2 protein chains.
Amino acid sequence: MMKNAVIIVAGGTGSRMGNFIPKQFLLIKNKPVLMHAIEKFVKFDNTLDIILALPRNQIQTWKKLCAEYEFQYKHTTVIGGITRFHSVKNALEKISNEHKIIAVHDGVRPLVKIETIKKCFELATEKGSAIPVIQINESLRRIQGSTNEIINRDGIYIVQTPQVFISDIIINSYKQAYIPEFTDDASVVEKSGYSINYTEGHRENIKITFPADINFVEKFI
Amino acid sequence: MMKNAVIIVAGGTGSRMGNFIPKQFLLIKNKPVLMHAIEKFVKFDNTLDIILALPRNQIQTWKKLCAEYEFQYKHTTVIGGITRFHSVKNALEKISNEHKIIAVHDGVRPLVKIETIKKCFELATEKGSAIPVIQINESLRRIQGSTNEIINRDGIYIVQTPQVFISDIIINSYKQAYIPEFTDDASVVEKSGYSINYTEGHRENIKITFPADINFVEKFI
């Protein structure tokens with residue numbers, strides 16, 4: 001029987017949040033961010049196989065949190081790698097021949113809409129790949145040390161997740177050697193020669209990174 | 001007596017919103033977006049001179065809205081130009097020798113925080129210029145027709161408003177001839193040889209552009 005899967009990647013250590021709690025474990029409306037994110041996929045399709053990639057030293061904490069918050073959705077936990085690429089690669093080892101469509105989602109994007117997940121699965125089923133993007137309508141600058149460069153914003157989009165693929169495509173693509181340019185799954189898949197299809201994301205589907213992001217996300221949960 | 005001013009630029013025609021109401025006149029919590037934006041500056045400093053640049057064909061509507069919503073904050077309205085550059089240039093004609101610091105703010109950014117305005121005024125007073133920026137922590141792509149290019153996101157920031165300057169600096173800078181690369185005031189000022197100083201903006205200070213942005217902004221007003 002064919003089924004689908006979602007890989008949830010949660011590799012953050014909390015360093016940029018200025019505290020020692022990894023951002024995926026911070027509480028929003030009294031529940032860890034990561035649980036909110038996983039629940040969106042369960043709500044989309046409760047037959048999805050869920051594979052969670054977590055840093056080795058966070059797995060015990062996660063198990064305790066699951067018990068404490070009575071988080072009952074079945075999922076497989078794998079050990080995260082040194083980069084997002086390596087985490088996804090580890091998670092893909094849990095994918096079998098019976099999986100048809102594979103989504104990869106950031107564990108720190110709890111605001112993803114069911115509608116966006118649905119659109120990405122539909123487009124990937126039809127065309128092999130789908131990622132949500134949002135247009136930037138503001139000025140952009142590159143500020144690095146004393147460098148200060150204005151970036152032409154024409155046609156620039158922010159890439160979000162879930163990034164969704166037919167399983168053969170993502171599995172083949174992750175056989176490549178890692179390069180630092182692999183900042184997301186689409187860049188890996190594209191480097192293998194597959195084309196990427198776009199669907200419209202939504203602005204509030206942010207990747208929690210900075211302390212103020214928690215207050216932001218609370219408005220929408 | 002020295003005083004400060006803010007130029008509010010509201011040039012939108014509503015075309016990207018898919019309707020005929022300019023986005024600055026759309027209602028949030030039963031009040032036009034533009035009134036929310038102006039009020040932020042009054043709350044910051046109720047002695048600021050307020051100069052509003054509006055397209056010629058919207059000035060009557062604005063006057064009616066001011067009467068209808070009993071909007072009582074004193075402001076000078078000038079006719080907007082063909083681009084943002086030209087609107088700011090028109091507004092700068094209302095600046096006199098007695099103005100020390102000039103802020104320029106997008107009329108469709110009603111969520112700006114008083115704290116951000118304050119930080120920009122302080123930094124501009126000290127160093128001549130200040131703009132709020134926010135870091136991008138997500139993958140970026142340029143998608144134009146069949147072009148599809150991954151943008152190196154290292155050090156890339158989104159530029160917001162208010163953009164704040166010592167009056168001589170902005171007045172001198174706007175004497176230049178317009179070029180299409182002038183997407184904001186900082187780019188104009190920088191082209192004149194002045195340096196730009198940065199302060200941290202905040203994520204929800206978005207520029208209302210798309211229909212879904214209204215729902216977004218309502219969460220924060």
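**View 1. How chain B sits on chain A.** A turn of 180° with a shift of 0.0 Å along the axis lays chain B on chain A, at an RMSD of 0.0 Å. That makes the relation a two-fold axis. Look for B:Lys219 here: in chain B, its C-alpha is the one nearest the axis, 3.2 Å from it. The superposition is by least squares on C-alpha atoms of residues with pLDDT of at least 70 in both copies. The copies meet through the same surface, because 100% of the interface residues of chain B are also interface residues in chain A. Keep in mind that this is a predicted model, where local features need pLDDT of at least 70, side-chain atom pairs count only at pLDDT 80 or more, and totals for chains, interfaces and linings use all residues. Residues are numbered from 1 along each chain as its sequence is written, chains are lettered from A and ligands numbered from 1 in the order in which they are written, and side-chain values use heavy atoms, with hydrogens and water left out.

**View 2. The largest cavity.** The count is 3 cavities of 30 Å³ or more, and the largest holds about 270 Å³. Its lining has 21 residues, and the closest to the centre are A:Ile158, A:Arg203, B:Ile134, B:Ile158 and B:Arg203. Strand β7 (129-135) of chain A and β7 (129-135) of chain B each give at least two lining residues. By type, the lining splits into 10 nonpolar, 7 polar and 4 charged. (Nonpolar is Ala, Val, Leu, Ile, Met, Phe, Trp, Tyr, Cys and Pro; charged is Asp, Glu, Lys and Arg; the others, Gly among them, are polar.) A cavity is a set of points on a 1 Å grid over the protein atoms alone where a 1.4 Å probe fits but cannot get out, and lining residues have an atom within 4 Å of a point. Points are joined across faces, edges and corners, and the volume is the space filled by probe spheres set on them.

**View 3. Helix α1 of chain B.** Helix α1(B), residues 33-44, has 12 residues and reaches 18 Å from first C-alpha to last, close to the 16 Å expected at 1.5 Å a residue. It's largely enclosed by the rest of the structure, because 10 of its 12 residues are buried (under 20% relative accessible area, 1.4 Å probe, protein chains only). Among them are B:His36, B:Glu39 and B:Lys40, along with B:Phe41. Helices are DSSP runs (H or I, at least four residues) and strands are too (E, at least two), numbered from the N terminus.

**View 4. Helix α4 of chain A.** Residues 114-127 form α4(A), which spans 20 Å, close to the 20 Å expected. Its buried residues are A:Thr116, A:Ile117, A:Cys120, A:Phe121, A:Leu123 and A:Ala124. They pack against elements of chain A including β1 (3-9), α1 (33-44) and β6 (99-106), with contact meaning heavy atoms within 4.5 Å. Just after the helix comes A:Gly128, with a positive phi near 100°.

Key: The expected span of a helix is 1.5 Å times one less than its number of residues. Buried means under 20% relative accessible area, exposed over 50%, partly exposed in between (1.4 Å probe, protein chains only). On a 1 Å grid over the protein atoms alone, a cavity is a set of points where a 1.4 Å probe fits but cannot get out, and a pocket is an open set with protein on both sides within 12 Å along at least five of seven lines; lining residues have an atom within 4 Å of a point.
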